[in-house]
Amino acid sequence: MINIVLFGKPGAGKGTQAEFLKTKYNLTHLSTGDIFRYNIKENTELGKLAKTFMDKGDLVPDAVTIQMLESECNNNPDSSGFLFDGFPRTISQAEALDAFLESKNDRITATVALEAEDEILVKRLLERGKTSGRPDDQDEEKIRNRYQEYNEKTAPLMDYYKAQNKFHSVNGIGSINEITERLSEVINNLK
Ligand code: AMP
């Protein structure tokens with residue numbers, strides 16, 4: 001069983017790459033952003049709550065996000081491994097995930113980051129916003145706030161996973177194929 005955390009700033013291409021990797025390595029793809037958006041579309045209580053944060057580009061509170069993620073994992077008891085996309089995004093989430101996996105005699109195998117410069121990513125997100133319909137992609141101020149959230153709360157996770165010898169990064173600029181290849185090279189070499 002391998003469990004991979006796909007790490008990177010908003011717009012780095014996590015979702016795009018996850019689509020390829022989940023098939024290639026037979027992993028259950030869990031994107032917390034996608035799950036929140038599904039709940040918003042279905043107008044659930046969770047969706048209504050998440051929307052108030054997401055529309056501003058703020059992170060949804062840890063307790064809500066962790067509970068949701070754990071129940072998604074529990075809903076896939078036969079999974080041969082998870083590909084976490086957009087989770088964890090805070091140290092508390094990472095600690096909760098470690099504890100949760102440990103309770104199942106499991107663990108994170110590796111964290112792989114897609115690296116790209118902010119200015120390229122902001123342009124990418126504004127471009128995506130023209131077709132994605134996502135309110136958080138359409139306004140530069142909200143996008144900048146997402147980067148601030150990332151820098152303050154998510155970037156410290158790099159040290160968290162480095163301390164566990166689980167952090168890898170690849171250049172996130174290139175064709176979709178090239179980047180899948182770079183990620184695969186890391187995953188194929190995991191012990
Ligand atoms: P994403 O699709 O990963 O870019 O996430 C879109 C938005 O969903 C984020 O800006 C947050 O508001 C919310 N979100 C997604 N994942 C998390 C998470 N792990 N913790 C808190 N908020 C999250």
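In which loop does proline 88 lie? In this predicted model, proline 88 is placed in the loop between β3 (82–85) and α5 (91–103). The peptide bond that leads from phenylalanine 87 to proline 88 is cis, and its omega is near 0 degrees. A second local feature of the backbone concerns asparagine 26, a residue other than glycine whose phi is positive, near 55 degrees. Asparagine 26 belongs to the loop between α1 (14–25) and β2 (28–31). Both features can be set against a general background: most peptide bonds are trans, and most residues other than glycine have a negative phi.

The surroundings of the ligand were examined next. The ligand has 16 residues around it, and those that come nearest are Thr32, Arg37, Asp58, Gly86 and Gln93. By class, the residues of this shell comprise six charged, five polar and five nonpolar. Among the elements of the fold, helix α2 (residues 32–41) gives the most to the shell, contributing four residues.

Individual polar contacts to the ligand involve both side-chain and backbone atoms of the protein. Threonine 32 has a polar side-chain atom 2.8 Å from a nitrogen atom of the ligand. At glycine 86, a backbone N or O atom lies 2.9 Å from a ligand nitrogen atom. Arginine 134 places a polar side-chain atom 3.3 Å from an oxygen atom of the ligand. The ligand taken alone exposes 480 Å², of which the protein buries 96%. The largest pocket is the space that the ligand takes.

Aromatic side chains were considered last. The count of aromatic pairs comes to four. One of them is formed by phenylalanine 7 and phenylalanine 167, with ring centres 6.1 Å apart. The planes of these two rings stand at 85 degrees; planes over 60 degrees apart count as edge-to-face, so the pair of phenylalanine 7 and phenylalanine 167 is edge-to-face. Phenylalanine 7 is in strand β1 (residues 4–8), whereas phenylalanine 167 is in strand β5 (residues 167–171). The two residues are 160 residues apart, and their pairing links distant parts of the chain.

Notes
Residues numbered from 1 in each chain as written. Predicted model: local features only at pLDDT ≥ 70, side-chain atom pairs only at ≥ 80, totals over all residues. Heavy atoms only, no water. Near = heavy atom within 4 Å. Polar contact = N/O pair within 3.5 Å; in protein donor to acceptor, adjacent residues only side chain to side chain. Areas by Shrake-Rupley, 256 points an atom, 1.4 Å probe, with all protein chains shown as cover. 1 Å grid on protein atoms, 1.4 Å probe; cavity = no way out; pocket = protein on both sides within 12 Å on 5 of 7 lines; lining within 4 Å. Sits in = over half its atoms within 2 Å of the grid points. Nonpolar A, V, L, I, M, F, W, Y, C, P; charged D, E, K, R; others polar. Phe/Tyr/Trp six-rings, centres within 6.5 Å; stacked < 30°, edge-to-face > 60°.
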